[in-house]
Amino acid sequence: MLNVGRLSEGVVLDHIKAGKSMTIYHDLALDKLDCCVAIIKNARSGKMGRKDIIKVECPIDTLDLDILGFIDHNITVNIIKDGEIVEKKDLHLPKEIRNVIKCKNPRCITSIEQELDHVFILADPEKEVYRCKYCEEKYRGNRNK
């Protein structure tokens with residue numbers, strides 16, 4: 001069995017769907033942080049069968065939990081201090097996401113104005129539907145499947 005060391009301080013993202021850790025790594029821009037990051041892929045899980053885990057040795061406020069909530073709001077976020085879990089954060093679907101997904105509508109202003117932020121608003125929390133702030137184009141595709 002692979003053994004990855006304990007964090008003394010940082011964040012553990014647990015219960016990530018197997019194979020999704022690299023998407024999260026890029027969307028959270030973990031490659032831009034000056035801290036230690038460990039990615040465990042296809043770990044055994046009694047609850048999920050297989051799962052991914054990301055350990056990040058940095059303060060929680062460095063990570064954008066809204067992006068994480070959009071990718072998969074079932075991920076467990078454990079805050080580690082002095083080698084112990086001190087808090088578990090619940091993720092929720094964010095009301096607004098910015099520059100995570102792009103509008104596919106060729107007539108949307110974001111297609112013409114390249115410097116404009118791509119902003120999507122949560123239109124239907126039950127069905128997890130987001131719509132473009134500018135043209136109301138529905139976002140098609142579920143990030144966590």
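The domain assignment splits this protein in two: domain 1 covers residues 10–90, and domain 2 covers residues 96–132. The C-alpha centres of domain 1 and domain 2 are 25 Å apart. Keep in mind that what you are looking at is a predicted model. The average pLDDT of the protein is 88, and 92% of the residues score at least 70. For the remaining part, a general caution: where pLDDT is low, the predicted coordinates should not be read in detail. By element, the mean pLDDT is lowest for α2, at 86, and highest for β8, at 96.

Next, the overall layout. There are 3 helices and 8 strands. Starting at the N terminus, the order of elements is β-α-β-β-α-β-β-β-α-β-β. The C-alpha trace spans about 50 × 30 × 25 Å along its principal axes. Of the 145 residues in the protein, 39% are buried. As for contacts between residues at least 6 apart in sequence, 55% of them join residues at least 24 apart.

Now the sheets. One open sheet has 5 strands, and its order is β2-β3-β1-β4-β5, with antiparallel pairing. Which strands sit at the edges of this sheet? They are β2, residues 37–45, and β5, residues 84–89, each of which pairs on one side only. From one strand to the next, the twist averages 25°.

Let me walk across part of that sheet. Strands β2 and β3 make a hairpin, with 3 residues between them. Their pairing is antiparallel and runs over 7 bridges, with β3 taking in residues 49–56. Two examples of facing residues: V37 is opposite V56 in β3, and R44 is opposite R50 in β3.

From β3 we step to β1. These two are also antiparallel, with 5 bridges between them. V56 comes up again here, as the bridge partner in β3 of V11. Continuing to β4, we find that β1 and β4 pair in the antiparallel sense over 6 bridges. One pair to look at is V12, whose bridge partner in β4 is N78.

Strand β1 is worth a pause. How much of β1 is covered? Of its 9 residues, 7 are buried, so the strand counts as mostly covered. D14 lies in this strand. Is D14 buried or exposed? D14 has a relative accessible area of 14%, and because that falls under the 20% cut-off, D14 counts as buried. Setting aside residues up to four places away in sequence, D14 touches K51, D52, I53, I75, T76 and N78.

The second sheet is also open, and it has 3 strands in the order β6-β7-β8, with antiparallel pairing. Its edge strands are β6, residues 96–98, and β8, and each pairs on one side only. Neighbouring strands here are turned by 35° against each other on average, direction ignored. Between β7 and β8, which run antiparallel, there are 4 bridges. I121 faces R131 in β8.

That leaves the interior. As a general point, nonpolar side chains in soluble globular proteins tend to be buried together. In this model, the largest nonpolar core has 30 residues, and the ones with the most contacts inside it are L13, I24, L68, F120 and Y130. Several elements give two or more residues to this core: β1 (9–17), α1 (21–27), β3, α2 (65–71), β4 (76–81), β7 (119–124) and β8 (129–132). Which element gives the largest share? The answer is α2, with 4 residues. The core also takes in both domains, drawing at least three residues from each of domain 1 and domain 2.

Y130 serves as an example from this core. Leaving out neighbours within four places in sequence, Y130 has contacts that include F70, L93, P94 and I97. Further along the chain, its contacts include F120, I121, L122 and A123, as well as E137, K138 and Y139.

There is also a second, separate core, of 6 residues, which includes L7, I40, A43 and I80.

To close, go back to the two domains, 10–90 and 96–132. Their C-alpha centres lie 25 Å apart, and the core of 30 residues has at least three residues from each.

Notes:
Residues numbered from 1 in each chain as written. Predicted model: local features only at pLDDT ≥ 70, side-chain atom pairs only at ≥ 80, totals over all residues. Heavy atoms only, no water. Pairing = 2+ DSSP bridges. Axes fitted to C-alpha atoms, helices over the stretch in contact; angles between N-to-C directions. Core = buried A, V, L, I, M, F, W, Y, C linked by side-chain atoms within 4.5 Å. Buried < 20%, exposed > 50% of the residue type's maximum accessible area, 1.4 Å probe, protein only. Domains from an automatic or database assignment. Contact = heavy atoms within 4.5 Å. pLDDT = per-residue confidence, 0-100.
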